Each structure stands twice: as C-alpha cells, then as structure tokens.
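Student: I have a new model on my screen and I'd like to learn how to read it. Could you walk me through it, one feature at a time?

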Amino acid sequence: YPRHEIQQILAIRATTEQIQVSSAALEQLAAIGERTSLRYAVQLLTPANILAETVGRMQIEPEDVEEVDELFLDGKASAQMLQDAEGFMT
C-alpha cells in the first residue's frame with residue numbers, strides 16, 4: 001500500500017479501537033508500515049497506546065511509536081535475525 005493509504009487504514013483502525021493518535025504519530029506509523037508492513041504498523045497501535053497511558057497521556061505521540069518500534073521486530077526483521085544467528089536455524 002502507498003503511505004497515504006496506510007495512514008488512512010491506521011486512522012480507521014485507531015478510531016475503531018478508540019485510540020487517540022496525534023497526526024505526527026500517525027504519519028510515523030504510516031512510514032513504519034511502508035517500510036515494514038501494514039500488519040506490523042497496526043500491531044504497534046496497542047502497545048503505543050499502553051505506553052502513552054502509562055505516562056499519563058490520552059493520545060499516542062511520536063515518542064511512543066519510536067519506543068515501541070525499538071521494542072518489537074516486524075516479521076521480516078525477526079526472520080532475518082534468526083537466519084543471521086549462527087547455528088540457530090540449521
């Protein structure tokens with residue numbers, strides 16, 4: 001999907017899940033979705049929301065997205081890491 005479509009899908013999903021996302025965080029999630037996958041970007045919504053709520057915010061901000069993106073790997077990155085691990089997958 002192109003970035004603008006990913007952003008629209010993420011906005012719809014956030015609304016459906018009653019998650020508030022700043023426009024900057026939504027743009028950041030769309031960029032991540034374009035780089036990795038739409039599925040991964042959608043999956044980041046929940047942990048980013050939990051992180052925002054933990055620090056007392058009702059809205060996901062770019063720093064929340066950045067932090068959860070550093071904590072988790074998308075499917076391709078995870079598979080690559082396993083493949084690169086010597087002797088792990090033989």
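**Reading the model, feature by feature**

Tutor: Let's start from one residue: Asn49 sits in helix H3. Keep in mind that this is a predicted model.

Student: Is Asn49 buried or exposed?

Tutor: The general idea is to compare the relative accessible area with a cut-off, and buried means under 20%. Asn49 has a relative accessible area of 12%, so it is buried. Leaving aside residues up to four places away in sequence, Asn49 touches Ile19 and Ile60.

Student: What does Ile60 touch, not counting residues up to four places away in sequence?

Tutor: Quite a list. Among the contacts of Ile60 are Ile19, Gln20, Val21, Ser22 and Ala25, and also Leu45, Ala48, Asn49, Ala52 and Val65. Ile60 also turns up among the residues with the most contacts inside the largest nonpolar core, together with Leu10, Val21, Leu29 and Leu45.

Student: How should I think about a core like that, and how many residues does the largest one have?

Tutor: In soluble globular proteins, nonpolar side chains tend to be buried together. In this chain, the largest nonpolar core has 21 residues. Helices H1 (3-16), H2 (23-35), H3 and H4 are the elements that give two or more residues to this core. H3 provides the largest share, eight residues.

Student: Let me step back to the whole chain. How many helices and strands are there?

Tutor: Five helices and two strands. Going along the sequence, the pattern reads α-β-α-α-β-α-α. The chain has 90 residues, and 32% of them count as buried. Its accessible surface comes to about 5,900 Å², with 52% of that belonging to carbon and sulfur atoms.

Student: And what share of the contacts joins residues 24 or more positions apart?

Tutor: Take the contacts in the chain with a separation of 6 or more: residues 24 or more positions apart account for 60% of them.

Student: Now the helix pairs. How do I read the meeting of H2 and H3, starting with where their axes cross?

Tutor: Look at the axes, then at the residues. The axes of H2 and H3 come within 7 Å and cross at roughly 145°. Leu29, Ile32 and Gly33 on the H2 side meet Leu38, Tyr40, Ala41, Leu44 and Leu45 on the H3 side. By class, that contact has seven nonpolar residues, one polar residue and no charged ones.

Student: Which residues of H3 meet which residues of H4?

Tutor: From H3 come Tyr40, Leu44, Pro47, Ala48, Leu51 and Ala52, and they meet Asp64, Glu67, Val68 and Asp69 of H4. By class, the contact of H3 with H4 has seven nonpolar, three charged and no polar residues. As for geometry, the axes of H3 (residues 38-54) and H4 (residues 62-71) come within 9 Å and cross at roughly 115°. H3 passes H4 in a right-handed crossing.

Student: What about the loops? Where does Thr36 lie?

Tutor: In the loop between H2 and H3. A loop residue can be checked against the same kind of cut-off: at 11% relative accessibility, Thr36 counts as buried. Not counting residues up to four places away in sequence, Thr36 touches Asp74 and Lys76. The C-alpha atoms of Thr36 and Asp74 are separated by 6.6 Å, although these residues are 38 positions apart along the chain.

Student: And Leu73, where is that one?

Tutor: Leu73 is in the loop between H4 and helix H5 (75-84). With 43% relative accessibility, Leu73 counts as partly exposed. Its C-alpha atom is 9.5 Å from that of Thr36, 37 residues away along the chain.

Student: Which loop holds Gln18, and what is its phi?

Tutor: Gln18 lies in the loop between H1 and strand S1 (20-21). Its phi is near 55°, a positive value in a residue other than glycine. The cut-off for exposed is over 50%. Gln18 has 72% relative accessibility, so it counts as exposed.

Student: One last residue: where is Glu5 placed?

Tutor: Glu5 is in helix H1, and at 31% relative accessibility it counts as partly exposed. The C-alpha atoms of Glu5 and Glu34 are separated by 9.8 Å, with their positions 29 residues apart along the chain counted as the separation.

Conventions:
Residues are numbered from 1 along each chain as its sequence is written. This is a predicted model: local features need pLDDT of at least 70, side-chain atom pairs count only at pLDDT 80 or more; totals for chains, interfaces and linings use all residues. Side-chain values use heavy atoms; hydrogens and water are left out. Axes are lines fitted to C-alpha atoms, for helices over the stretch in contact, and angles run from 0 to 180 degrees between N-to-C directions. Helices (H or I, at least four residues) and strands (E, at least two) are DSSP runs, numbered from the N terminus. A crossing is left-handed if the near helix is turned anticlockwise from the far one by less than a right angle, and right-handed if clockwise. Contact means heavy atoms within 4.5 Å. Ala, Val, Leu, Ile, Met, Phe, Trp, Tyr, Cys and Pro count as nonpolar, Asp, Glu, Lys and Arg as charged, and the others, Gly among them, as polar. Buried means under 20% relative accessible area, exposed over 50%, partly exposed in between (1.4 Å probe, protein chains only). Accessible areas come from the Shrake-Rupley method with a 1.4 Å probe; for residues, only the protein chains shown count as cover. A nonpolar core is a set of buried Ala, Val, Leu, Ile, Met, Phe, Trp, Tyr and Cys residues joined through side-chain atoms within 4.5 Å.
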